[in-house]
Amino acid sequence: MTLKNAIIQTNHLLSFPVELPVPGLVNVHLGERVEADDLIAEAVLPARFQVFDVLNQFRLKESQLEVCIKRLAGEEVKRGDVIAKKNGLISRIFRAPEDGKVVAVRDGRVTLAMGEKTIQARTPIAGTVAEIIPGLGAVIVSRGFCVRGAWGNGKTGLGCLLNLDLVNEINLPEMKDAVVFVDSLTALAELKALQEKGAAGIMVSSLETATRTEVEKFEIPVMSLLGFGEATLDPLSQSAMEELHGKQITLVARKADPYRDLKPELFQERETDETAQLFAEPEPTLIGRTARLLGQPYFGSVGKIVELPQEIERTASGIQSKVAVIEREDETVIRVPLENLEILTN
Amino acid sequence: MTVSSYLSIDVSPQHARAWLFENQSGIFQLVSQAVNPFVLTDDRALLSAIEQSIHEIEKNTGMGLLSGSRRFQIEPDQNIPGLRGVGLTTSIGKAIRVVLVGISEKYSLEPLRRLARFYNTEIVVEICLQNEPNISTQLHQLTNTAFDLLILAGGLDGGPEKALRAVISNLRLLVQMWGGANRPQIVYAGNQSLADYAKMEIEAGDDLHIAGNIQPESGREDLSFASKALLAAIRRLRLKEFPELQELADQANVLFFPGEFARARMDHWLEQTQTNGKGVLQVHLEPDHAHAIAVQDGKRMGVWQNSMVDDEMIPAVLMQSDQPLEQARTAAFLANRELHPGFVPVTIEEMSMEIAWMCVRIRRLLSEMAVLHENFHYDDRLGLLGDFEPILLSGSSFERLPSARHMFMVAQDGILPHGITTLVGDDYQLITALGALAEFDPLLVTQIVDSDVFNGLATVVNVDSLVAAGEKVLQLEVDEGYGEAREHYQVYQAELKRFETVPGIDLRVYLAPEPESDVGMGLRGLGGWLNANPSNLGLVVDARGRPCYLPVDEQKRQEARRDWLWNLGA
């Protein structure tokens, strides 16, 4: 089994790239401390372009072109400035329709860039600039406590964590600007209601599959801890939520990339005395660790790894896999393919 | 004879594999292979998984392949035994965001789509210069789109240049605006009169790839030169995405390709060397993506599709399942499956969903290929209408299925072939490895393929008949090779029947179809002798018709599917 990071980590390094969609200027430097919403990079693009084909519009010969074009590439122009002019009985003129700049004069065509459009990349998390992505942005890192989820809608937000009993507490005033946690399989109507009440983010133990497309369109971050369908959240994750109740957290509901072990996560920045180690720690043994199970009928339940047989075993479906022997909370012992386990704590 | 060795390495999203081939007694053999799962947790993970696989081979063979400073220990002197070359292939990385610019929809954009969709790409913008002649708008679109690769084509060689010149000028501006570090890859495959102009004007150095025109003269399409340029562009993008591979890829006698290119090269080779006049089809399934390659009459077709569970997928999987499944549970399984690509289906129910999902993915894949390539005839109800033999099945999704009959059912139900064909499994995932090494020594490919490394799954006779379920469609006279006695069998509409083969002995079968049955001999009712090579399942007669016969009642449909699987041997 390729060991992935644990679900609940007390000394987690959150690494978050903040990038522009198109190249621009990076405004931070390596090692700089940034706060949430700080500007990381900015691209100033022309709002509009106008390409004027002088040669064809004025019906000129190439030899006549040079005298007709009145501005050079790089020159600033004001609205009404003459860019190209053809003299004659009736002279023809091309004027700048707006303030702007001549960005190219090539092949008988003048290209004007007009207006400004600014695209900004702001960091949704506080932390330190660990890497500059030239022309695009930076990777921000922060150390602290995290609970990793299974699915996120791609958004990120901040707020105080509010553990909510949906049945009784849907109208609580403190829901506004809070990251709300609902420990149940949550339907779309409930999620929409939470968004309308002004929640800064939503975290659920599990989502109904049919809601996925709609939730992806939500303006606020939404994260499911277990994924989709009927599942019960484990006691360790529940107590982590209770511990964080009322505290400021960041909900990084980014889209999961299982091949890079990137998952959405609830994150709380915490000071730590630990420093990064020079050498990688030896891989800890799996025996004795608490694992969460994937797949029915145990989806979401936890158990302790008590044995790791070396031999490959055949499951009921016929697929062969290396397994772990798990002792569940009710003391039943089951054999589970290693791929169907998530290590809960480190 | 001096022993020459060749190392092939393939990195897929979940595994780093390595194979070592040697010509010890004048014949190439696979001497060792290794596979290591990995997750890209940090910059070192990829290289360390590759190194681990190579070190395993070194341990097995006692041969030094990679030094401590990550240099392949290539022996250039042909008189000294040693490693001669390394093939490095990958199928990892994000979908490449592509912009297509062409003069016309039919003659530029359609071929460009075929070209780009062969690889893991996402077409983010298409600009048809006939529909959008406004140069200012074109420039606006380009500057406001995030993309990695732009392919520009259009015009006949020596034909009109005006529209292309304008785009080239726009590209110059774009390249200047984005700067060297973030410059996209640009492939120019249009009117060759402008090739030099494009090179001088765009000034993008190694990020500009000039290729021959995709339509050098009216009505003739030739994507071969553009394919090479596109391959070079994709290699640069992947090395930019995984810079840690650069130090391996840059060494002498190391060839670096996308895995799909290496597979296509092998399929080409197979199509050229076989004598049955049919094409070769390959379906490659990984948990996160699927890739199909078809080579017919020397022409390559292909498409890459990333896995996506949408609302249409769920009813399709339910329809394909052989177990009673709840819709919500199936939907949750599929959605969670996407989040956990390594997940192992444990229960019968999960296995049923998994197999149904694989079938539906194959249908989607081949349907997209049919949309892209007008010469590839596939319909998700009627199945594959062209002649392809063999049909190769590769990828880790096939690899981990519990048995040959599961593999067969997934492929057969997904592809729904017509006539007579052979299904072959690439159990050691060798096709990519061989495709990567073919350039070094073509004999290696020939000899390894001849050494039966591919697993013959079954020879399939697909009977197409319009009669009702239960009516006779075919009679078979089977010569099992034990003297003169021949067995006679009848096959009825909606049946799936298997005839085992004995290792080392071909099964000779006379097919006598009913007048309205088509078994791929050229005409309805026409039969003949068929030689089925020994294979895992032997000869399978699929008389379920096209579209595949399925009871309307859900329970009976599931029962029929279970029976078909059972008929293949429990």
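**Exercise 1.** Which residue in β6(B) does V98(B) stand opposite? Place the pair in its sheet.

*Solution.* The model is predicted: local features need pLDDT of at least 70, side-chain atom pairs count only at pLDDT 80 or more, and totals for chains, interfaces and linings use all residues. Residues are numbered from 1 along each chain as its sequence is written, while chains are lettered from A and ligands numbered from 1 in the order in which they are written.

Step 1. V98(B) stands opposite I123(B) in β6(B). Helices (H or I, at least four residues) and strands (E, at least two) are DSSP runs, numbered from the N terminus.

Step 2. Strand β5 (residues 96-102) of chain B pairs with β6(B) in the parallel sense over seven bridges; strands pair if DSSP finds at least two bridges between them.

Step 3. The order β6-β5-β7-β8-β9 (chain B) describes an open sheet of five strands with parallel pairing. Its edge strands, each paired on one side only, are β6 (121-128) and β9 (208-210) of chain B.

Step 4. Helix α2 (residues 105-116) of chain B packs on this sheet and touches β5, β6 and β7 (149-153) of chain B. The direction of α2 makes about 160 degrees with that of β5(B); axes are lines fitted to C-alpha atoms, for helices over the stretch in contact, and angles run from 0 to 180 degrees between N-to-C directions.

**Exercise 2.** What are the buried residues of α3(B), and what covers them?

*Solution.* Step 1. I135(B), Q138(B), L139(B) and L142(B) are the buried residues of α3(B). A residue is buried if 20 or more other C-beta atoms lie within 10 Å of its own, with C-beta atoms placed from the backbone.

Step 2. These residues cover an arc of only 95 degrees around the axis, so they sit on the same side of α3(B); the arc is that of the directions from the helix axis to the C-beta atoms. An α-helix has 3.6 residues a turn, so residues three or four places apart point the same way.

Step 3. The cover includes β5 (48-53) of chain A as well as β5, β6 and α4 of chain B.

**Exercise 3.** Which elements give two or more residues to the side of chain B that touches chain A?

*Solution.* Step 1. In total, 42 residues of chain B are in contact with 44 residues of chain A, contact meaning C-beta atoms, placed from the backbone, within 7 Å.

Step 2. The elements are α3 (135-143), α4 (162-178), α10 (327-339) and α11 (348-372) of chain B. Of these, α10(B) gives the most, with seven residues.

**Exercise 4.** How many of the residues of strand β11 (residues 279-285) of chain B are buried? Describe the neighbours of this strand.

*Solution.* Step 1. Seven of the seven are buried, so β11(B) is largely enclosed by the rest of the structure.

Step 2. G279(B), L281(B), V283(B) and L285(B) point one way, and V280(B), Q282(B) and H284(B) the other. In a regular strand the side chains alternate between the two faces of the sheet.

Step 3. β11(B) runs parallel to strand β16 (residues 388-394) of chain B, joined by five bridges; L281(B) has I391(B) as its bridge partner there.

Step 4. With strand β12 (residues 289-296) of chain B, β11(B) runs antiparallel over six bridges, and L285(B) stands opposite A290(B). A hairpin through three residues joins β11(B) to β12(B).

Notes. Contact = placed C-beta atoms within 7 Å. Buried ≥ 20, exposed ≤ 12 C-beta atoms within 10 Å, placed from the backbone.
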